[in-house]
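Let's take a friendly walk through this model, from the overall fold down to a couple of individual side chains. Have a look at the picture, then read on.

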Amino acid sequence: MTSVVGIILLVAVTVIVAGTVTVFVFDLGSGLQPKAPYVETSHELVEDGSEQTIAITLEAGDTVDVDRLYVAGSKPVDIGGAPGSGRAADDAHASPIENFTETPGGTPQVAIGNTWDAGETVYVDPQGSVDGVTVSIYWISGSVQNYNPGEPDGDDSYRLTTMTIRSSG
């Protein structure tokens with residue numbers, strides 16, 4: 001009889017310890033920050049009438065949902081498609097933070113669709129000259145709300161890439 005009671009107590013203690021460890025482990029996991037996507041980008045200057053626009057290409061890395069991306073500059077910027085396209089970036093619409101899906105209906109204004117994939121280019125037009133402008137692209141764990149300017153909505157924001165532009169002319 002004593003051995004049966006001992007086994008029952010041992011099983012009960014094991015269940016309690018396993019339950020406590022499980023709760024602790026899952027609670028630890030809930031506090032982890034979401035993993036930001038990995039991206040490698042390149043940039044070049046392209047002619048845009050009498051100005052230049054920054055063309056930023058995703059060279060390699062993860063596919064990223066554009067509703068989680070925004071661009072910020074050391075001076076107001078506008079993001080869009082290539083110069084001369086229907087959704088071209090235009091410094092007349094520049095703001096401190098630009099949402100990749102800046103239009104009220106959530107249509108990506110960057111003319112790349114709902115994701116940014118390797119080989120695709122977005123265009124950033126700073127107010128005035130590009131020379132000396134620093135531009136950063138951020139990913140947010142939530143999504144970017146509003147437009148002109150956007151407002152990041154989420155607990156975690158990660159800078160994916162930064163570039164400082166030095167114009168030759």
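A residue is called buried when its relative accessible area is under 20%, and exposed when that value is over 50%. In this predicted model, buried residues account for 34% of the 169 residues in the chain.

**Overall layout**

One helix and 11 strands make up the secondary structure of the chain. Following the sequence, you meet them in the order α-β-β-β-β-β-β-β-β-β-β-β. Of the contacts between residues at least 6 apart in sequence, 65% link residues at least 24 apart. The chain exposes about 9300 Å², and 55% of that area comes from carbon and sulfur atoms.

**Two residues side by side**

The table sets out accessibility for one residue from the helix and one from a strand.

| Residue | Element | Relative accessibility | Class |
|---|---|---|---|
| Valine 15 | helix α1 (residues 2-30) | 55% | exposed |
| Threonine 161 | strand β11 (residues 157-164) | 12% | buried |

Valine 15 counts as exposed because its relative accessibility is 55%, and the cut-off for that class is over 50%. Together with Ile7 and Val11, Val15 forms a nonpolar surface patch with about 280 Å² of accessible area.

Threonine 161 has 12% relative accessibility, so this residue counts as buried. What does threonine 161 touch, leaving aside residues up to four places away in sequence? Its partners are Thr41, Val135, Ser136 and Ile137. With threonine 41, the link also includes a polar contact of 2.9 Å between the two side chains.

Definitions and conventions. Residues numbered from 1 in each chain as written. Predicted model: local features only at pLDDT ≥ 70, side-chain atom pairs only at ≥ 80, totals over all residues. Heavy atoms only, no water. Patch = residues over 30% accessible without salt bridge, like charges linked within 9 Å, V, L, I, M, F, W, Y side chains within 5 Å. Areas by Shrake-Rupley, 256 points an atom, 1.4 Å probe, with all protein chains shown as cover. Salt bridge = Lys/Arg side-chain N within 4 Å of Asp/Glu carboxyl O. Helix = DSSP H or I, 4+ residues; strand = E, 2+ residues; numbered from the N terminus. Buried < 20%, exposed > 50% of the residue type's maximum accessible area, 1.4 Å probe, protein only. Contact = heavy atoms within 4.5 Å. Polar contact = N/O pair within 3.5 Å; in protein donor to acceptor, adjacent residues only side chain to side chain.
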